[in-house]
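Here is a short report to read alongside your sequence and model. Take a moment to open the structure, and then we can walk through it together.

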Amino acid sequence: MDRYMNTPFSREEAESLRAGDYVYLTGTIYSARDAAHKRMQETLDRGEELPFDLKDNVIYYLGPTPAREGRPIGSAGPTTSSRMDKYTPALLDLGLRGMVGKGKRSPEVIEAIIRNKSVYFAAVGGAGAILSKRILSSEVIAYDDLGTEAIRKMQVKDFPVIVVIDTEGNNLYETAILEYQK
């Protein structure tokens with residue numbers, strides 16, 4: 001099923017999604033990769049506030065290439081999500097509603113997705129140049145010293161993703177294999 005959703009989005013909207021749905025996101029999403037996730041965890045460990053409110057927001061696991069002239073961002077393909085897994089349950093518990101990346105997630109992350117009624121989306125790896133055309137603006141908002149791994153606030157329009165793990169824990173990576181084997 002094709003869905004068009006604005007970001008941030010609510011728990012109820014997340015609950016309406018099913019593994020396998022094609023979703024086109026419009027609104028604000030944030031980029032963060034390994035180093036940014038580590039720094040966010042250190043910030044939380046010190047009892048300090050994160051550089052943006054996680055509630056109902058989406059993080060895209062992204063480290064873009066430099067922007068070409070006239071573009072807000074360079075190639076914007078997804079990073080392997082499992083590299084963020086040790087930090088993800090805590091962020092989901094703070095209200096993070098969605099994540100965009102590629103690849104499988106750990107059992108601990110899947111449990112946190114279900115517990116918090118969040119969603120894991122996949123973006124197509126290798127399609128970074130095409131995906132970047134759906135990013136209208138990109139502004140570094142934290143950890144500028146991390147370069148491409150800095151946290152960015154991005155405005156997207158009809159950014160294409162697929163629901164891989166829905167709020168009930170249905171996992172497209174597992175169900176697609178079973179369907180293929182039939």
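How many bridges join strand β5 (residues 119–122) to β7? Three bridges join these two strands, which run antiparallel. The model is a predicted one, in which local features need pLDDT of at least 70, side-chain atom pairs count only at pLDDT 80 or more, and totals for chains, interfaces and linings use all residues. Residues are numbered from 1 along each chain as its sequence is written, and side-chain values use heavy atoms, with hydrogens and water left out.

**Strands and their partners**

Helices (H or I, at least four residues) and strands (E, at least two) are DSSP runs, numbered from the N terminus. Two strands count as paired if DSSP finds at least two bridges between them. Strand β7 (residues 151–165) pairs with β2 (residues 22–31) in the antiparallel sense over nine bridges. Strand β6 (residues 135–142) is also an antiparallel partner of β7, over six bridges. The table gives the pairings for you to trace on screen.

| Strand pair | Sense | Bridges | Facing residues |
|---|---|---|---|
| β2 and β7 | antiparallel | nine bridges | Leu 25 and Phe 159 |
| β5 and β7 | antiparallel | three bridges | Tyr 120 and Ile 165 |
| β6 and β7 | antiparallel | six bridges | Ile 135 and Val 156 |
| β3 and β4 | parallel | three bridges | Tyr 60 and Val 100 |
| β4 and β5 | parallel | four bridges | Gly 101 and Ala 122 |

Let us stay with the parallel pairs. Three bridges join β3 to β4, and the chain travels from β3 through α3 to β4 in a right-handed β-α-β crossover. β4 and β5 are paired over four bridges, and the passage from β4 through α4 to β5 is a right-handed crossover too. Right-handed here means that, with the strands pointing away from the viewer, the path from the first strand over the helix to the second runs clockwise.

Strand β4 is covered on both faces: Gly 98 and Val 100 are buried on one side, and Met 99 and Gly 101 on the other. Buried means under 20% relative accessible area, exposed over 50%, and partly exposed in between, using a 1.4 Å probe and protein chains only. As background, side chains in a regular strand alternate between the two faces of the sheet.

**Helix α4 and the cores**

Which residues of helix α4 (residues 107–116) are buried? They are Val 109, Ile 110, Ala 112, Ile 113 and Asn 116. These residues lie on the same side of α4 because they cover an arc of only 160° around the axis, taken from the directions from the helix axis to the C-beta atoms. Their cover includes α3, β4 (98–101), β5 and β7. Just after the helix, Lys 117 takes a positive phi of about 55°.

A nonpolar core is a set of buried Ala, Val, Leu, Ile, Met, Phe, Trp, Tyr and Cys residues joined through side-chain atoms within 4.5 Å. The largest one has 25 residues, and Met 40, Ile 59 and Ile 151 have the most contacts inside it. Two or more residues come from each of α2 (34–45), α3, α4, β5 and β7, with α4 giving the largest share, four residues. A second, separate core of 23 residues includes Tyr 60, Ile 73, Ala 76 and Val 100.

**Three buried residues to look at**

Contact means heavy atoms within 4.5 Å, and the partners named below leave out neighbours up to four places away in sequence.

Met 5 belongs to strand β1 (residues 2–7) and is buried, with a relative accessible area of 4%. Its contacts are Glu 13, Leu 17, Val 23, Tyr 24, Leu 25 and Thr 26.

Ser 81 sits in the loop between β3 (58–60) and α3 (88–93). Ser 81 is buried, at a relative accessible area of 0%, and is in contact with Tyr 61, Gly 101, Lys 102, Arg 105 and Tyr 120.

Thr 167 lies in the loop between β7 and α6 (172–181) and has a relative accessible area of 1%, so Thr 167 is buried. Among its contacts are Ala 14, Glu 15, Ile 113 and Lys 117.

**What the record adds**

UniProt, in an unreviewed entry, places the feature "domain: Fe-S hydro-lyase tartrate dehydratase beta-type catalytic" at residues 6–175. UniProt positions are given in the numbering used here, feature names are shortened, and annotations may be inferred rather than shown by experiment. In the model, that span is 25% helix and 27% strand, and its end C-alpha atoms lie 27 Å apart.
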